[in-house]
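Biologist: Before accepting any description, I should like to hear the reasoning behind each term. Could we look at the model together?

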Amino acid sequence: MSTLAAHGAAFTEAVSGFGPGAPVILCHDDADGLSAGALLWRALARAGSEPGPVRVIGRGESAWSPAILDELAALAPAGFVVTDLGVQAGTILPGVPTVLVDHHVPRSWPEASEATVISGHADAPIPTSSLLAHACAAALGAADDLAWLAGVGRVGDLGERAASADFPEIMGPLRKAHTAKALREAVSLVKRAAPLGLGRCRAGAADAAAGGRAP
């Protein structure tokens with residue numbers, strides 16, 4: 001099993017432990033985070049776990065803050081999927097199953113009772129959060145049509161040249177199917193949308209911020 005496939009299998013196992021109701025996705029407000037959030041929303045919806053709103057975490061906010069805890073507690077979530085917001089110890093909402101999907105250097109490491117961590121930081125090469133999200137989506141079901149979101153997130157985080165250097169199984173087909181200009185324009189749309197403070201949005205809005213549809 002490849003490293004990405006192993007991450008996907010761990011994600012599938014983790015979300016199977018979610019309770020009844022709608023899972024909630026939290027994501028960063030950059031190209032990688034928004035792409036990952038849109039990917040994960042689509043994947044969970046297709047798998048029959050209709051998620052609630054995507055909570056986009058912007059500058060000056062923290063998913064682990066009391067303000068976010070108070071906001072999310074009212075949703076009575078079945079579980080949290082938190083992507084591109086880092087890895088750290090502690091719970092977002094006590095008693096709610098949580099999965100962290102991320103590629104940054106961990107600030108600290110949660111106990112197993114606090115969160116399941118899907119981290120690409122120790123992988124070689126290191127996947128972006130959107131690429132990890134695509135692996136998670138593929139483990140839940142068909143996700144080939146969502147690969148372009150992983151490409152947008154990767155280009156947004158690393159730039160076009162660096163994004164194409166690794167993971168040819170994802171980036172190769174994308175470069176054949178879509179022009180480099182189209183991917184750059186999708187990234188540009190995300191960067192323009194991010195400062196608007198998207199707050200809560202559903203996958204349609206996250207998709208729109210991440211390019212709307214396949215370039």
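Biologist: How many helices and strands are there in the chain?

Modeller: The chain has nine helices and six strands. Please bear in mind that this is a predicted model. Of its 215 residues, 50% are buried, and residues 24 or more positions apart account for 62% of the contacts with a separation of 6 or more.

Biologist: Why is A76 called exposed?

Modeller: The relative accessible area of A76 is 57%, and exposed means over 50%; A76 is therefore exposed. A76 lies in the loop between α3 (66-73) and β3. Its phi is near 50°, a positive value in a residue other than glycine.

Biologist: What makes D84 buried?

Modeller: D84 has a relative accessible area of 3%, whereas the limit for buried is under 20%, so D84 counts as buried. D84 also has a positive phi, of about 65°, although it is not a glycine. The place of D84 is the loop between β3 and β4.

Biologist: Why are α5 and α7 called roughly perpendicular?

Modeller: Helix α5 (residues 147-158) and helix α7 (residues 168-177) pack at an angle of about 100°. Angles of 65 to 115 degrees count as roughly perpendicular, and the pair is therefore given that name. The axes of the two helices are 10 Å apart.

Biologist: Which residues make the contact between α5 and α7?

Modeller: From α5 come A147, W148, A150, G151, R154 and V155, and from α7 come I170, M171 and L174. These residues divide into seven nonpolar, one polar and one charged. Gly counts as polar and Arg as charged, so G151 is the polar residue and R154 the charged one.

Biologist: What makes strand β4 mostly covered?

Modeller: In β4 (residues 98-102), five of its five residues are buried. T98, L100 and D102 point one way, V99 and V101 point the other way, and all are buried.

Biologist: How do you know that β4 pairs with β3 and is joined to β5?

Modeller: Two strands pair if there are at least two bridges between them. Strand β3 (residues 80-83) and β4 have four bridges, in the parallel sense, so the condition is met. Four bridges likewise join β4 to strand β5 (residues 116-119), and these two run parallel. In the first pairing F80 stands opposite T98; in the second, D102 stands opposite S119.

Biologist: Which residues touch the most other members of the largest nonpolar core?

Modeller: They are F11, V81, V99 and V101, in a core of 45 residues. Helix α2 (residues 31-46) supplies the largest share of this core, nine residues. Apart from it lies another core, of 17 residues, among them V24, L26, V82 and I92.

Biologist: With which residues is V99 in contact, leaving aside its neighbours within four places in sequence?

Modeller: V99 is in contact with F11, A14, V15, F18, F80, V81, V82, T116 and I118. Contact requires heavy atoms within 4.5 Å.

Biologist: Which peptide bond is cis, and where is its proline found?

Modeller: The bond from A124 to P125 is cis, with omega near -5°. P125 is found in the loop between β5 and α4 (129-140).

Conventions. Residues numbered from 1 in each chain as written. Predicted model: local features only at pLDDT ≥ 70, side-chain atom pairs only at ≥ 80, totals over all residues. Heavy atoms only, no water. Core = buried A, V, L, I, M, F, W, Y, C linked by side-chain atoms within 4.5 Å. Buried < 20%, exposed > 50% of the residue type's maximum accessible area, 1.4 Å probe, protein only. Axes fitted to C-alpha atoms, helices over the stretch in contact; angles between N-to-C directions. Parallel < 35°, antiparallel > 145°, perpendicular 65-115°, else oblique.
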